[in-house]
Each structure stands twice: as C-alpha cells, then as structure tokens.
Amino acid sequence: RMQNSSTPSDPILLEEDIIVVDSTSSSTAPVVSTAASTPSLHVSVTPELSAVSTEEVHGFYSQVHTTFPQELANLSKQSNLDIVCIIDNSGSMDGSKIEHLKRAMDFVVGVMGEKDRLSVVTFNSSATVVHGLKTMTAANKELSKRLLGSIRANGGTDIYAGMQEGWGVLERRRVRNTTSCVFLLTDGQDQDNAEAKKALARTIRSSGSSLFLFGFGSDHDSAHMQMIANAAEGSFIYIDTDDTVVDAFGGAIGAQQGCILRDVRISLSVPPGVRIESVQAGRYMSTVAADGCSATVQYTDLFGGEQRDFLVLTTLPAVPGLVDEFLVIEAVGTYRLETSSSAVQQSRPARGFTRRSKDMSGAAQERNAQVDSHIMRFAATESMERALPMADRGDIVGARELLTIARDRLRNSSSF
C-alpha cells in the first residue's frame, strides 16, 4: 500500500509547480468601477409583520438577507485555483467508501484547468504528501490519477495530522494562485484533537483560503465534521451517491472561480427608541452594542451565488398615533473585492419598515413566510443541538420529547 510518512519516496513529487502570474490579471490590473459592471453586495431587510400596534412591541423580528449574485461575480475574470485535497485512507474507509472517494477525486482532477494547481495529501495514523501543487496539465492529470488509484485504505485515523500536512502545502507556497481552498474527504471517524482542529480551521479561513468537508459513508460522523466546517465558515457536504459528486465538487470549484467578496461586514442601526435585543447569526461573528442602538455581523467572504441570512430581534417603542412607514432597522454592507485593491466598498443601504396603527382589529397578523421560515430553522437547529447531547447521555425519551415539540411548532407555523 502507499505508506503514510513524512518523507515520500520520490522528492520530485513534492515539488511545487511555479506559475507565472499574468500581469494583466484581475488581481493586479486597474479596476474600472461602474454601477453596471462592478461586482457588488446586495442587502435587504424584511420585517416579520407588515403592521403592529402603536403600543410598545417586544420581540419583533426582522430578517437581513445578504447575497452576492452569481451574474455579478461572473463579471470578473475567472480565478485560477490552488486546491489541496486531504484524503482519509484509514481502515474505516476500506471498501466502497475509498472507491467512491477515488471517483470523486477523478472528477476534481478532470474539471481543473491547466493554470489550476492541485496537491493531494493522505492520512491514516499519520499523513503524507502524495504530490505537491501541480499544474493540471494533461500529463499531470494522468500522474495524479495514477497516484490516486494506488491509494489503499488501512491503519488508524488522525484527521488533525492530515489537516496539518495539507495546510503546510499552502503555507509553504512560493507563489500563489488567486484563490486557494482545502478539500477534506473523510468519514470523520476521529474525534480526537477537536479544539486543535477548530483552531487550524480558523487559521485556514483567516489566511483567505476556503475549507470544504466532504463526508463519505452512511456511518460518517456528521456532527464532528460540521463542527470543523463551522469553525472555518466552511461547508460540510455528505456524498451519498456518484450523482452527488458533480453537484458538490462542481459547485465548490465553480464558486471559487468567480470574483470573491472579502471581509464582508453588515452594520445595523436603529432610529431613536428602537432597541436591538439580539442578533441570531448562527456560526458567524456578531456583536450588539450595549445600548442596543447598533450591531454588526461579519462574514470572512462571499462567493458568487452565495446567500446569507440572519435575524435581528428588536423592541419597538410606543408611538402616539398612526405611522404609515415606521423605520425598524437599517443595514449596510462593506466589503473588499478579491480582484481589486484593498479599498473598502459599500452596498446600498437597506431599510425595513412596518406600519404602526392603533386599530389592529382588522389587520392581518400572519408573519411573513420568509422570515417565519428562518425563525423556524433557527429554532429547529437549536432543538437538535440540545437533543444530541441528551441522546448521548442516554436520555432518549427527553431528546425525543424536545424534538417532538420542535416538530409540532414547525408544523403549526405559517411557513410550513
């Protein structure tokens, strides 16, 4: 079998193919900014109700939607990629899982262009670099496929060792393609070094690289893999059939090749009297000012076609009479274009309004379906996160009861 060791038998395979950075590429060329041609961030705000009473209102939700439209991302010149694939070849991957993984890697190799570079790292009890960053010419594609075909599954599992070795490939680069990402392909059956894995995932993300986790096998540890992905603001995708490979890996690679928005920050402000009580942004970093007058949510980056949503919980003050357009919250996004200088750009402000009326007897009080769906999703996720440790402790009855309550609440919601 191919041994996992820190010193491969053929040092030439470790060598990095040096690329010539095109001086006319979008990463160095002057950027001409026009409203019609510049990739930009879109932000919108949707209050949960179109009308509320003039009395003080507690627990009023608004949804803030952020998107980077694919058609705008494609306005930029396609980015060349550096991809490191970290492959689990431990004993638990033996059989159909390792063969399925190899077919996935054949797809990855096949779709990469000649200016893209690929490195392959394997791990079981230890990790090794199968080959360094190689430009995906026809000859190097054949080389990579041949080496991938020789991988055998046995030994223990040390995901952290694989992550360290893969990150080392990117960290040691002498030159860099515009975009870089790490693909971790595993069944996730190794819960050791959890905090170290999360810290390394955050390091990968803070460097500007993306982390994608792909789970193989029906017995994969989805909770552990999702934990690692969350630390890097990355994605975890379960690969259950060969058909899934095209969508999962093709989507991941395609998302990397357009323009990327970096250091995305959504700033929230409210008018006098309105108070921001909390922001529900999931794994993304958020802050709320002590006086409740402002808040922020931060995303490391946004790829073409990506959308992010979060909820803002507010208290609305009493008002003396009818207000046709009562401003609840304003949101504005700032970001940098990956393909331009470090200049910060700003989205158009987005505002959310509701109507304030003393007579609410005939007013429709059904929550906006889009906002309700997001509220239900957060509630369901919270219930599942609480139920999992209960089940692990053997409290199956309690976990089932908690999930049943969440299910019934979902079924009775306006968005179901």
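Biologist: Which residues does Val-64 touch, not counting residues up to four places away in sequence?

Modeller: In this predicted model, Val-64 is among the residues with the most contacts inside the largest nonpolar core. Ile-266, Leu-268 and Phe-310 are named with Val-64 in that respect, and these three also appear among the residues that Val-64 touches. Leaving out residues up to four places away in sequence, Val-64 touches Val-43, Ser-44, Val-45, Ile-266, Leu-268, Arg-308, Asp-309, Phe-310, Val-312 and Ala-331.

Biologist: Which strand supplies the largest share of this core?

Modeller: The largest nonpolar core has 34 residues. Strands 1 (42-47), 3 (57-67), 10 (260-269), 11 (275-280), 13 (294-303), 14 (307-316) and 15 (323-337) each contribute at least two residues to this core. The largest share is six residues, and its source is strand 15.

Biologist: How many residues are in the other core, the one that includes Val-108 and Phe-216?

Modeller: This other core lies apart from the one around Val-64. Cys-181 and Ala-248 are also among its members. The number of residues in this core is 32.

Biologist: How many residues does the protein chain have, and what percentage of them is buried?

Modeller: The protein chain has nine helices and 17 strands. Of its contacts between residues at least 6 apart in sequence, 77% join residues at least 24 apart. Of the 416 residues in the chain, the buried share is 50%.

Biologist: Against which strands and helices do the buried residues of helix 4 pack?

Modeller: Helix 4 covers residues 159-171 and reaches 18 Å from its first C-alpha to its last, close to the expected 18 Å. Its buried residues are Ile-159, Ala-161, Gly-162, Met-163, Gly-166, Trp-167, Gly-168, Val-169 and Leu-170. They pack against strand 4 (81-88), strand 5 (117-123), strand 6 (127-135), strand 7 (179-186), helix 5 (194-206) and helix 6 (222-231).

Biologist: How far from Asp-116 is the nearest side chain of opposite charge?

Modeller: Asp-116 sits in the loop between helix 2 (96-111) and strand 5, and this residue is buried without a salt bridge. A polar atom of its side chain does lie 2.8 Å from the backbone nitrogen of Leu-81. A salt bridge requires nitrogen and oxygen within 4 Å. The nearest side chain of opposite charge is that of Lys-141, at a distance of 7.6 Å.

Biologist: What separates Lys-198 and Glu-195 within helix 5?

Modeller: Side chains of opposite charge can pair when their charged atoms come close. Lys-198 and Glu-195 form a salt bridge with an N to O distance of 3.1 Å, and Glu-195 is exposed because its relative accessibility is 52%. Because the two residues are three apart in helix 5, what separates them is about one helical turn.

Biologist: What is the distance between the closest N and O atoms of Arg-407 and Asp-408?

Modeller: Arg-407 is partly exposed, at 40% relative accessibility. Asp-408 is partly exposed as well, with a relative accessible area of 32%. These residues form a salt bridge, and their closest N and O atoms are separated by 3.4 Å.

Biologist: Which residues are joined into one network by salt bridges that share partners?

Modeller: The count of salt bridges comes to 13. One of them links Glu-277 with Arg-275, with closest N and O atoms 3.7 Å apart. The network formed through shared partners consists of Glu-48, Arg-367 and Asp-372.

Biologist: Is Glu-233 buried or exposed?

Modeller: Most residues other than glycine have a negative phi. Glu-233, although not a glycine, has a positive phi of about 55 degrees, and Glu-233 lies in the loop between helix 6 and strand 9 (235-239). Its relative accessibility is 15%, so Glu-233 counts as buried.

Biologist: Where does Asn-193 lie?

Modeller: Asn-193 is not a glycine, yet its phi is positive, at about 55 degrees. With 40% relative accessibility, Asn-193 counts as partly exposed. Its place is the loop between strand 7 and helix 5.

Biologist: How far apart in space are Ser-235 and Ala-252, C-alpha to C-alpha?

Modeller: Ser-235 belongs to strand 9 and is partly exposed, with a relative accessible area of 29%. Setting aside neighbours within four places in sequence, Ser-235 is in contact with Leu-211, Phe-212, Leu-213 and Ala-229. Ser-235 and Ala-252 are 17 residues apart in sequence, and their C-alpha separation in space is 9.0 Å.

Definitions and conventions. Residues numbered from 1 in each chain as written. Predicted model: local features only at pLDDT ≥ 70, side-chain atom pairs only at ≥ 80, totals over all residues. Heavy atoms only, no water. Helix = DSSP H or I, 4+ residues; strand = E, 2+ residues; numbered from the N terminus. Expected span 1.5 Å × (residues − 1). Buried < 20%, exposed > 50% of the residue type's maximum accessible area, 1.4 Å probe, protein only. Contact = heavy atoms within 4.5 Å. Core = buried A, V, L, I, M, F, W, Y, C linked by side-chain atoms within 4.5 Å. Lys, Arg positive; Asp, Glu negative; His and termini not counted. Polar contact = N/O pair within 3.5 Å; in protein donor to acceptor, adjacent residues only side chain to side chain.
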